[in-house]
Structure formats: C-alpha cells, structure tokens
Amino acid sequence: MIVLKSAREIDLMRRGGQILADVMEMLRGFVKPGLSTLEIDEEVEEFIVARGAKPAFKGYRGFPATVCISINEEIVHGIPSAHRRVKEGDIVGLDLGCIVEGYYADCAFTMPIGEIPARVQELLDVTRQSLDLAITQCRPGQRLSDISHAVQRHVEAHGFGVVRAFVGHGIGRNLHEDPQIPNFGEPGHGPQLKKGMVVAIEPMVTMGSYDVRILDDGWTAVTKDGSLAAHFEHTIAVTDNGPDVLTRRVAA
Ligand code: MG
C-alpha cells in the first residue's frame with residue numbers, strides 16, 4: 001500500500017533531507033586517502049546526532065553502522081571497518097539516512113578519490129544523470145515505470161549495466177515502503193504517481209555485467225565480474241509543482 005504524505009509530513013522529511021545534504025557536502029571535503037571507513041562512519045554519526053536527528057541505518061535489520069560505504073566493485077551495503085582505508089584512485093559510495101520526528105530521509109552518492117580514468121568518471125556522471133532524469137518523471141500523472149525506464153535508457157545508451165537485484169522505494173514513517181522502484185523496465189506501467197507520494201530513487205550502475213554477489217559478511221553486495229559500480233540516491237516528494245528533492249540543499 002502506498003502511503004501519501006501531508007505537507008507537514010513532507011516538511012519533516014525535508015528537515016532530515018537537509019541534514020543529509022549537509023553531510024554529503026561535508027563528506028566531499030572530509031574523505032581523503034588514508035582514512036578508514038570506520039572513521040568516516042563515526043564522523044557522520046556525530047554530525048547527524050549533533051543536529052538532533054537519528055541515524056537511520058544503524059540497527060536496521062542488524063546493520064552495524066550509520067553509513068553504508070561501498071568501494072570500487074562494491075555496489076551497496078558495505079560495512080565500515082577500522083581495517084579498510086580509502087586510497088587514491090578509489091570510487092567510494094556513501095549511502096546514508098536519518099530520522100527526524102519519526103520520518104526517514106535517504107540519499108547516496110559516489111565520489112572519486114583523487115585522479116580516476118575518464119571512463120570511470122563517466123560511470124559516475126552517467127549514474128548521477130540517470131537519477132536526475134528519473135527525478136524529472138516524479139510528477140502527478142506519470143507512471144511508476146516511467147522512473148525506471150528513464151534510468152535504464154540513459155545508462156544503457158552509455159554502455160553501462162543497470163543492477164536488477166536492488167531497487168528504490170517509497171519512504172516515510174518507514175525506511176522502505178511501497179512501491180518498489182526498479183531501475184529498469186518499459187515506460188507506462190505501474191501505479192500513477194500522485195501528489196504526496198515520497199520516493200527514494202537509487203540507480204546502481206556497473207561498468208560490466210549487472211550480476212551481483214553478496215560477500216560472507218551477509219551485507220556487502222559486489223559485482224560478480226569485479227567491475228566498478230556507482231550509486232546515487234535522492235528522496236523526492238511528488239507535488240503539483242513537480243518533483244521536490246528533499247535531500248538536495250535548499251539555498252538559504
Ligand atoms: Mg534507499
């Protein structure tokens with residue numbers, strides 16, 4: 001069942017979303033070669049708590065940390081560790097959520113550490129663009145699979161792969177609500193988008209095959225062929241004026 005949100009509820013989710021936008025901005029300057037993924041996680045947790053919000057992922061189905069940190073061939077759900085250090089040439093996926101007054105917001109981005117090859121930069125750019133294109137579909141009257149199709153079309157036109165095993169989702173009083181939002185599919189199917197729907201759209205894109213494998217830790221999803229992967233995500237409210245991206249910084 002898709003739960004529609006009131007303007008008041010959307011404003012609460014925006015408060016969380018703006019905290020996440022600030023975290024993403026902070027991380028762009030903070031993440032450097034030599035830093036452990038646990039140090040990154042601790043910094044983010046402190047940041048979220050200092051702003052009066054609660055980390056959304058910590059304890060979720062037993063996930064042990066605030067941020068999912070997924071490096072290179074890791075797609076999503078990487079667990080921060082004192083033994084894993086970021087190094088020059090890595091691409092680092094940072095996925096984080098927070099809760100404000102019982103309402104969730106969720107976002108992710110993938111950042112390069114220092115110099116990366118042009119084709120890897122293209123992987124990041126195309127993944128982010130596919131999210132932007134999907135966001136433009138978040139208007140009343142569009143169908144759910146118009147979002148999915150926008151991602152797939154852009155990604156495949158650039159020769160990259162769209163991960164099938166994980167999907168975007170509705171979000172609100174729960175981190176994961178209906179509907180599920182695949183990143184592939186024909187347009188014009190599924191429920192019609194309505195004012196008050198809030199969705200987390202999150203394309204996961206690979207340089208090679210889109211098949212995934214889960215590591216022995218039970219969480220970390222990697223590409224089966226070892227190719228690099230990127231992940232971007234925003235939380236978006238559908239409004240009569242079009243998409244309202246709650247996790248993008250609103251100019252003060
Ligand atoms: Mg999500």
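## Strand 14, covered on both sides

Let's start with strand 14, which spans residues 234–239 and is mostly covered: 6 of its 6 residues are buried. Keep in mind as you look around that this is a predicted model.

What do the two faces of strand 14 look like, covered or open? Both are covered. On one side sit His 234, Ile 236 and Val 238, and on the other you'll find Thr 235, Ala 237 and Thr 239, all of them buried.

## Who strand 14 pairs with

Strand 14 has a partner in strand 9, made of residues 198–201. The two pair in the antiparallel sense, with 4 bridges between them. To spot one of these contacts, find Ala 200: its bridge partner in strand 14 is Thr 235.

Strand 15 (residues 242–245) is joined to strand 14 as well, again by 4 bridges and running antiparallel. Here you can look for Ile 236, whose bridge partner in strand 15 is Val 245. How many residues does the hairpin between strand 14 and strand 15 go through? Just count 2 residues, and you've gone from strand 14 to strand 15.

## The magnesium ion

Now for the metal. Which residues coordinate the magnesium ion? They are Asp 106 (OD), His 169 (NE2), Glu 202 (OE) and Glu 233 (OE), at 2.1 to 2.3 Å. Read along the chain, these donors follow the spacing D-x62-H-x32-E-x30-E.

Let's zoom in on two of them. Asp 106 lies in strand 5 (residues 103–112), while Glu 202 is in the loop between strand 9 and strand 10 (204–206), so this pair ties together parts that are 96 residues apart in sequence. And are these two residues buried or exposed? Asp 106 is buried, and Glu 202 is too.

## A sheet of three strands

Elsewhere on our tour, there's an open sheet built from 3 strands, in the order 3-12-11, with antiparallel pairing. Strand 3 (74–76) and strand 11 (212–214) are the edge strands, since each pairs on one side only. If you compare the directions of neighbouring strands in this sheet, they are turned by 40° against each other on average, direction ignored.

Take strand 3 and strand 12 (residues 221–223) as an example: they pair in the antiparallel sense over 2 bridges. Want a contact to look up? Val 76 has Ala 221 as its bridge partner in strand 12.

Notes
Residues are numbered from 1 along each chain as its sequence is written. This is a predicted model: local features need pLDDT of at least 70, side-chain atom pairs count only at pLDDT 80 or more; totals for chains, interfaces and linings use all residues. Side-chain values use heavy atoms; hydrogens and water are left out. Buried means under 20% relative accessible area, exposed over 50%, partly exposed in between (1.4 Å probe, protein chains only). Two strands pair if DSSP finds at least two bridges between them. Donors are N, O and S atoms within 2.8 Å of the metal (3.2 Å for Na, K and Ca); water is not among the atoms, so sites may look incomplete. Axes are lines fitted to C-alpha atoms, for helices over the stretch in contact, and angles run from 0 to 180 degrees between N-to-C directions.
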